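User: I should like to learn how to read a structure that contains two chains. Please take me through the main features in turn.

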Number of protein chains: 2
Amino acid sequence: MNSRRKFLQKVTFSAAAIPFLSSFKPLTLQQIDDTPYDGPILRVAIMGLGGYGNIVANAMQSSKKAKLVGLISGTPSKQKEWQAKFDIPEKNCYNYENFDTIKDNPDIDAVYVITPNSLHHDHAIRAAKAGKHVICEKPMALNAKEGQEMIDECKKANVKLLVGYRLHFEPNTLEIIEKRDAGEFGKVLFFQGLSGFRIGDPKQWRLNKELAGGGAMMDIGIYSINGARYMVGEEPIWVTAQETKTDPVKFKEGVDETITFQLGFPSGVIASCLSTYAMNHLDRFLLNGSNGFAELHPATGYGPIKGKTNKGELSHPHVTHQTVQMDEMAGIILEGKEPVVPVDGEEGLKDLKIIDAIYKAVKSGKKESLKL
Amino acid sequence: MNSRRKFLQKVTFSAAAIPFLSSFKPLTLQQIDDTPYDGPILRVAIMGLGGYGNIVANAMQSSKKAKLVGLISGTPSKQKEWQAKFDIPEKNCYNYENFDTIKDNPDIDAVYVITPNSLHHDHAIRAAKAGKHVICEKPMALNAKEGQEMIDECKKANVKLLVGYRLHFEPNTLEIIEKRDAGEFGKVLFFQGLSGFRIGDPKQWRLNKELAGGGAMMDIGIYSINGARYMVGEEPIWVTAQETKTDPVKFKEGVDETITFQLGFPSGVIASCLSTYAMNHLDRFLLNGSNGFAELHPATGYGPIKGKTNKGELSHPHVTHQTVQMDEMAGIILEGKEPVVPVDGEEGLKDLKIIDAIYKAVKSGKKESLKL
């Protein structure tokens, strides 16, 4: 195997490439280099063969440590297509009726739940009960109560529960976190997160309260919530929120279109955020301190993330986020690696507690306190 | 007079220069061209010879339609210095004791009040009662009650009352307003204003509640308030606000360090803003609509304003804001010109009503309604 060429095709990190980038050495990406890998492989089944499942499946083809080996779907024709495309044996394919028998399949280690939000809770718990590690897309569940149940069930089943926070492995993001911890921005004082896009097809599940559990906040606003936490490096203690809806036909009762929210942190940092399904041209993070600032723009999209500080632009080559995520998650599950920013169930639960409080604050019009 | 050279030195707008800039023709800047001016001149006395008074005085040297002719100061030595520098006759110089006799001076048309905030109300009313037009720095006063009294007294005295909103004449700002009105950004949905700087000397009047009437909000937060209104093009109907103070020694009781606030507009637009005396690297406006966006960054500083939309960067040469402001204000006072964005007392009063409501919302923790 020409591992060097493979490296270049993947445009991932390598020890050789780092000198050309910046002085930052991404702590969590050490393993993504061009040396052949002969360690343990995480064998993953994807549950839910939709658009994002497809992105993850494709990205996993370039992963060294995680391999797509199984499929769970309610649509036989789609499953056939994926089987052919990803070379998945029939014995590793399940539907939602026979899925629980996956417990008898020794060739699958983990299930990646990429179904609509309202199904995460049940699907994750079924996977755990079948003895499989669980990776669950964000939002981890519809609310904190569900999230806590998932954590409890995974513990009981002695399996790991991870949430698909791909940006916790993103090099621009990690460099900013490292600089923040080194005091380069001085005392952190303010975070701004603008997350949103103009959503299309009004019939998609993301606009169905039953399936999505809410609107933009569940899907895209959560990036600003999670981002506020990892960028500030503290846990918020209160939240205020304001909702506006300019298109009540498209965004029905319980499906939020646009919410601005603010998070207060113990040190006095305030985060000011926007979550919306009504606008493009967002995806901006700004962290401001007494001595400097950091910007990410785009901050969370799948394409290249662009980072900048008061000292200039950061320069990391684009890596397919989901490839890095799957490599890193394999390391966490199989080797007990500790990521810089957690991706476990407790991490997902904190975001759900904040979402619960945001929806509460929208209704109460008051500052709601948070206990994470 | 080589008016052409004078024009180039001033780097202001001219019919000849416009083709090199953009297709936008600034409506309010027509008179700032290179043709000799022989119309009426607004003869101005500056009250308050501090740092900003000095900026205005210097800028007025390049104004065609406004001329610095008088001084009002409590510091004789400073007044002497200014008299020499700006060639001001003794008969046009006043102190705060004899100032009211300015009513008998036919050589002064207007008084530009550039004293600390808490003095604006009394100083403006005294100038009005002396029969002089009033230009007052922002914030116009400490609160809406004072602002209303100033408006009433100026009306009674039959003099004009203008507020020093220099950005209402700034070409990048005006181009964005024109594009917004032409629908280029689609339906306007969101405005973000980040206004602040890290304030130095803790003994300055801006940090003295008695003189400043508050903290960052009165001085710099007002830019985001006013900016939200002219960028969105509507008047807000509610406000929420959150305060944080990381340095209670420097920022005493009643002197706000950092406040985030949100404004709701009738159409559903939300503005999310930051006002702070604790951070640099701000001064950013973002207007986001369903089809595009506009950014100003810097948005309000004295130096070049930089504008950008989803279609690219705007390109206007820098003009000294205060020079343009004084030319335009002379046009308003002497010729009844109508600016695109008002700069009258009613405009200033609206900002004061919002400031009152922000301070109220900080205390109540609730959404406060606004009636502008």
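Analyst: Let us begin where the chains meet: 37 residues of chain A are in contact with 37 residues of chain B, contact being heavy atoms within 4.5 Å. This is a predicted model, in which local features need pLDDT of at least 70, side-chain atom pairs count only at pLDDT 80 or more, and totals for chains, interfaces and linings use all residues. Residues are numbered from 1 along each chain as its sequence is written, chains are lettered from A and ligands numbered from 1 in the order in which they are written, and side-chain values use heavy atoms, with hydrogens and water left out.

User: What area is buried between chain A and chain B?

Analyst: The size of an interface is often given as the accessible area lost when the parts come together. Here the buried area (accessible area for a 1.4 Å probe, lost on being put together and summed over both parts) is about 2900 Å², and carbon and sulfur atoms give 60% of it.

User: How many salt bridges does the rule find across the interface of chain A and chain B?

Analyst: A salt bridge is a side-chain nitrogen of Lys or Arg within 4 Å of a carboxyl oxygen of Asp or Glu. The rule finds 2 between these chains. Arg284(B) and Glu295(A) are joined by a salt bridge of 3.1 Å, N to O.

User: Which element gives the most to the side of chain A that touches chain B?

Analyst: Strands are DSSP runs of E with at least two residues, helices are runs of H or I with at least four, and both are numbered from the N terminus. Strand β8(A) gives the most, with 5 residues.

User: How is chain A related to chain B?

Analyst: Copies are superposed by least squares on the C-alpha atoms of residues with pLDDT of at least 70 in both. A turn of 180° with a shift of 0.0 Å along the axis lays chain A on chain B with an RMSD of 0.0 Å. That is the relation of a two-fold axis. In chain A, Lys366(A) comes closest to the rotation axis, its C-alpha lying at 2.7 Å. The copies meet through the same surface, because 100% of the interface residues of chain A are also interface residues in chain B.

User: In what order do the 6 strands of the open sheet in chain A stand?

Analyst: Strands of a sheet pair through backbone hydrogen bonds, either parallel or antiparallel. By the rule used, two strands pair if DSSP finds at least two bridges between them. In chain A the order is β3-β2-β1-β4-β5-β6, with parallel pairing. Strands β3 (93-94) and β6 (161-163) of chain A each have a single partner strand, so one side of each is left without a neighbour in the sheet.

How values were computed: Buried area = accessible area lost by both parts, 1.4 Å probe.
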